[in-house]
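Visitor: Please take a close look at one part of this model for me. I would like to start in a loop and work outward from there.

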Amino acid sequence: MTRGADMVRVFEAWDETELLAARLALEARDIPFRVEGEFAPVSWGPTAAAKVLRVPANRHEEAKQAILDSLK
């Protein structure tokens, strides 16, 4: 894994389904990632916290495309 400063945000997942799809897409292409944050209770409303996926900066575009392809 790379240093924290080399990791950039690539996706925000608002529920477990989105998170799983994004993780599987990154794992399928052997892109290292880190998950940050926690899901907030539904009662907190639409501005509740999400989980953020971070990837190495040099693989950002590849990771973004992999996630977009998986969500189609």
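Guide: A40 sits in the loop that links strand 2 and strand 3. The model is a predicted one. Is A40 buried or exposed? Its relative accessibility is 17%, and the cut-off for buried is under 20%, so A40 counts as buried. The C-alpha atom of A40 lies 9.4 Å from that of D15. Along the chain, A40 and D15 are 25 residues apart.

Now take the strands on either side of that loop. Strand 2 and strand 3, the latter covering residues 51-56, pair through three bridges. Their pairing is antiparallel. One residue pair to look at is R34 with R54: R54, in strand 3, is the bridge partner of R34.

Strand 3 has another partner. Six bridges join it to strand 1, again in the antiparallel sense. There, M7 stands opposite P56 of strand 3. The sheet is open, has three strands and follows the order 1-3-2. Which strands stand at the edges? They are strand 1 (7-13) and strand 2 (34-36). Each has a single partner strand, so one side of each has no neighbour in the sheet. From one strand to the next, the twist averages 30 degrees.

How many residues of strand 3 are buried? The count is six of the six, so strand 3 is largely enclosed by the rest of the structure.

Next, the helices. Helix 1, residues 16-28, lies across strand 1, strand 2 and strand 3. Helix 1 runs at about 10 degrees to strand 3. Helix 2, residues 60-70, also packs on the sheet, where it touches strand 1 and strand 3. The direction of helix 2 makes about 15 degrees with that of strand 1.

The two helices also meet each other. On the helix 1 side, the residues are A21, A22, A25 and L26. On the helix 2 side, they are A63, A66, I67 and S70. The helix axes come within 9 Å and cross at roughly 125 degrees. Helix 1 and helix 2 are therefore oblique to each other. Their crossing is right-handed.

Several of these elements share a nonpolar core. In soluble globular proteins, nonpolar side chains tend to be buried together. Here the largest nonpolar core has 12 residues. They are V10, F11, A13, L19, A22, L26, I31, F33, L53, V55, A63 and I67. At least two of them come from each of strand 1, helix 1, strand 3 and helix 2.

I31 is a core residue worth tracing. Leaving aside residues up to four places away in sequence, I31 touches L26, V55, R59, E62 and A63. Of these, L26, V55 and A63 also belong to the core.

Finish at D30, in the loop between helix 1 and strand 2. Is D30 buried or exposed? Its relative accessible area is 63%, and the cut-off for exposed is over 50%, so D30 is exposed. Most residues other than glycine have a negative phi. D30 has a positive one, near 55 degrees, and is not a glycine.

Conventions
Residues are numbered from 1 along each chain as its sequence is written. This is a predicted model: local features need pLDDT of at least 70, side-chain atom pairs count only at pLDDT 80 or more; totals for chains, interfaces and linings use all residues. Side-chain values use heavy atoms; hydrogens and water are left out. Two strands pair if DSSP finds at least two bridges between them. Helices (H or I, at least four residues) and strands (E, at least two) are DSSP runs, numbered from the N terminus. Axes are lines fitted to C-alpha atoms, for helices over the stretch in contact, and angles run from 0 to 180 degrees between N-to-C directions. Contact means heavy atoms within 4.5 Å. A nonpolar core is a set of buried Ala, Val, Leu, Ile, Met, Phe, Trp, Tyr and Cys residues joined through side-chain atoms within 4.5 Å. Buried means under 20% relative accessible area, exposed over 50%, partly exposed in between (1.4 Å probe, protein chains only). Angles under 35 degrees count as roughly parallel, over 145 as roughly antiparallel, 65 to 115 as roughly perpendicular and the rest as oblique. A crossing is left-handed if the near helix is turned anticlockwise from the far one by less than a right angle, and right-handed if clockwise.
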